[in-house]
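Reader: Hi! I'm new to this one and would love a friendly walk through it. Could you put it up so we can look together?

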Number of protein chains: 2
Amino acid sequence: MTENEFLQSLAQRFPARNPVLHGIGDDGAVLQAEPHGRVVVVTDMLLDGTHFRLSEITPALAGRKALAVNLSDLAAMLAKPTAAFISLAIPRATTDSTAFLQSLYHGLQELADEFHCVIAGGDTNSWDGPFAINVALTGSPLSTSIPLRSGARPGDLLFVTGPLGGSLASGRHLTFRPRLDIARWLADSVSVSALMDISDGLATDLPRMMQASGTSARLTAADIPIHSDVPPDLPPALRLQAALSDGEDFELLLAVPPAAATALQAAPEGLAFQQIGSVEAGQGITLLMPDGQSSRLPAGGWQHRL
Amino acid sequence: MTENEFLQSLAQRFPARNPVLHGIGDDGAVLQAEPHGRVVVVTDMLLDGTHFRLSEITPALAGRKALAVNLSDLAAMLAKPTAAFISLAIPRATTDSTAFLQSLYHGLQELADEFHCVIAGGDTNSWDGPFAINVALTGSPLSTSIPLRSGARPGDLLFVTGPLGGSLASGRHLTFRPRLDIARWLADSVSVSALMDISDGLATDLPRMMQASGTSARLTAADIPIHSDVPPDLPPALRLQAALSDGEDFELLLAVPPAAATALQAAPEGLAFQQIGSVEAGQGITLLMPDGQSSRLPAGGWQHRL
């Protein structure tokens, strides 16, 4: 397949539609912004061997994940997706690059269609390195005010939208459903102080929110929901650690004023919010253990070094 | 350097400013669209060993080129840049990743500042593969009508904005100046039928424009400007081939109605437009040689296979 043939097949497969005025086939895409005129942009690059292993999964699942993690970022910005831009580095050694691209775009398209997101452009390359995919997504705010990481205030309560841990080991990171339904409901129903998605694990992401907000947090260990993907026969301390630090959960982490907690508890069927702690003045994260002891999380969580 | 420290240094170095309402530091960026509400998005991924060789150049030049090729795409859409999103895959074997990132962002920042583009987000990863960088850029249209590749009409005249060939061999592809000054002048002054930038070489990109427009082109070989980077002692046929097919020129290719040609010829000092041929009905590209013979370019130009 030549590059032109591939581009033409993409342009036919992904025609421009509202709010994309011009999509695949030119030097860039043109979008019509919503009347209030704000545009949200997110981007994430996923790499073979780091974010998935192409030796173990289909290209479709890799494509799906690359779009899903970006949709999760949009949910964390209380925005709905509008257009997706797919950049690819395909290994020259790929035995059947046409079949590879078909599978990859199948995974992308299925999720894009589900969330009414137009694939509107990108860039496809081949090289001697491993597979890499970058997705850039534009979105439109669902709410007039966009809650950032920096908005948490002492007195706020902390919630997560689902159980944590075991995502990588179970493969859940490849098939999770980005929390855009929750984002839409939050935008309509709840005053949120601060919001982000949990991609590196609660123990890494919560400190980021607290540092951005200039606040500290108290977590109640017994309230942190542990996913059924975390092996039940692990000792309790390791199960807790899995929920805090495995990462790749892609649940939302919210700080809300106490008055909003009632709304969260009365959320419609299927939208679950679990209170895990509260925001206080000061710095750092305190974890209150079931035995009444408390411990401090490392200031920056467990980060990878660059 | 931890990931948090790096993100904080980026957020300080690249503060949000108009039209970016929120930049680095959250799950996404928020931009304010212009009153007419259209947003242009371009993206390009550049790979070590394909688009540059990090063994031979500084990370600054790699970063500069990654932004420059995207700025060139925006120029081809008659748009001015607003925000840039930088995704990186850094080899784990990099001996000093802090110095690497400093140099890379220095190259990005210098060009971004020159064109008033806010670096508003991105994603930084390390892996066992070679260096890869993706840039996604948002832009704001400079004109109410955006000329696409598909707008050329029989009777239009074809122009390029500068001499072609020798870009890779000379290193010009690392230091070229994206034609945003020309884009701004065109938006204000000329009715353009079709526009694109020449990244894969005139012999590949012109057929794309003609195919998108459903038209053919006649080129006069003697009118195609050959860059001084093409060795002067090459035989004329090879010099012409270099101008047609070396690629990485990042000049603009325009089709304009005959009435607009006068405006191009009267362009201000420093904006050069060279007429190279004309648009006709039909298909394919005919090249009129100095000896009066004519030859046909291969239908798809010289494309790389995926």
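Author: Happy to! One term before we start: a salt bridge is a side-chain nitrogen of Lys or Arg within 4 Å of a carboxyl oxygen of Asp or Glu. With that in hand, look at Asp27(B) and Arg149(A), whose side chains meet in a salt bridge with N to O at 3.3 Å. Some ground rules: this is a predicted model, where local features need pLDDT of at least 70, side-chain atom pairs count only at pLDDT 80 or more, and totals for chains, interfaces and linings use all residues. Residues are numbered from 1 along each chain as its sequence is written, chains are lettered from A and ligands numbered from 1 in the order in which they are written, and side-chain values use heavy atoms, with hydrogens and water left out.

Reader: Thanks! Where do Arg149(A) and Asp27(B) sit?

Author: The pair crosses between chains. Arg149(A) is in the loop between strand E6 (132–141) and strand E7 (157–160) of chain A, and Asp27(B) is in the loop between strand E1 (20–22) and E2 of chain B. Helices (H or I, at least four residues) and strands (E, at least two) are DSSP runs, numbered from the N terminus.

Reader: Is Arg149(A) buried or exposed?

Author: Arg149(A) counts as buried because its relative accessibility is 13%. Asp27(B) is buried as well, at 8%. Here buried means under 20% relative accessible area, exposed over 50%, and partly exposed in between (1.4 Å probe, protein chains only).

Reader: How many salt bridges are there between chain B and chain A?

Author: The count between chain B and chain A is 2, while the structure holds 20 over all chains.

Reader: And how many residues of each chain are in contact?

Author: 69 residues of chain B are in contact with 69 of chain A, contact meaning heavy atoms within 4.5 Å. The area buried between the chains is about 5,800 Å², and carbon and sulfur atoms give 54% of that. Buried area is the accessible area (1.4 Å probe) that two parts lose on being put together, summed over both.

Reader: What about polar contacts across there?

Author: There are 20 residue pairs in polar contact between chain B and chain A, both residues at pLDDT 80 or more. A polar contact is a pair of N or O atoms within 3.5 Å; within protein, one must be able to donate a hydrogen and the other to accept it, and residues adjacent in sequence count only if both atoms are side-chain atoms.

Reader: Which strand gives the most to chain B's side?

Author: Strand E3 (residues 38–47) of chain B, with 9 residues.

Reader: Do tell me about strands that pair between the chains!

Author: Strand E3 (residues 38–47) of chain A pairs with strand E2 (residues 29–32) of chain B, antiparallel, over 4 bridges. Within that pairing, Val41(A) stands opposite Ala29(B). Two strands pair if DSSP finds at least two bridges between them.

Reader: Nice. How many bridges join E4 and E5 of chain A?

Author: Strand E4 (residues 79–91) and E5 of chain A run parallel and are joined by 9 bridges; Ala83(A) has Val118(A) in E5(A) as its bridge partner. Strand E5 (residues 118–127) is mostly covered, with 9 of its 10 residues buried.

Reader: Switching to chain B: where is Thr161(B)?

Author: Thr161(B) lies in the loop between strand E7 (157–160) and helix H4 (167–170) of chain B. Thr161(B) counts as buried because its relative accessibility is 3%.

Reader: What does its side chain reach?

Author: The Thr161(B) side chain makes a polar contact with the side chain of Glu251(B) at 2.6 Å. The Thr161(B) side chain also reaches the backbone nitrogen of Leu252(B) at 2.8 Å.

Reader: Last topic: which residues does Arg208(B) meet in salt bridges?

Author: Asp200(B) is one, at 2.8 Å N to O, and Asp205(B) is another, at 3.0 Å. Arg208(B) and Asp205(B) both lie in helix H7 (residues 202–213) of chain B, 3 residues apart, about one turn of the helix. Both of these are buried, whereas Asp200(B) is partly exposed at 29%.
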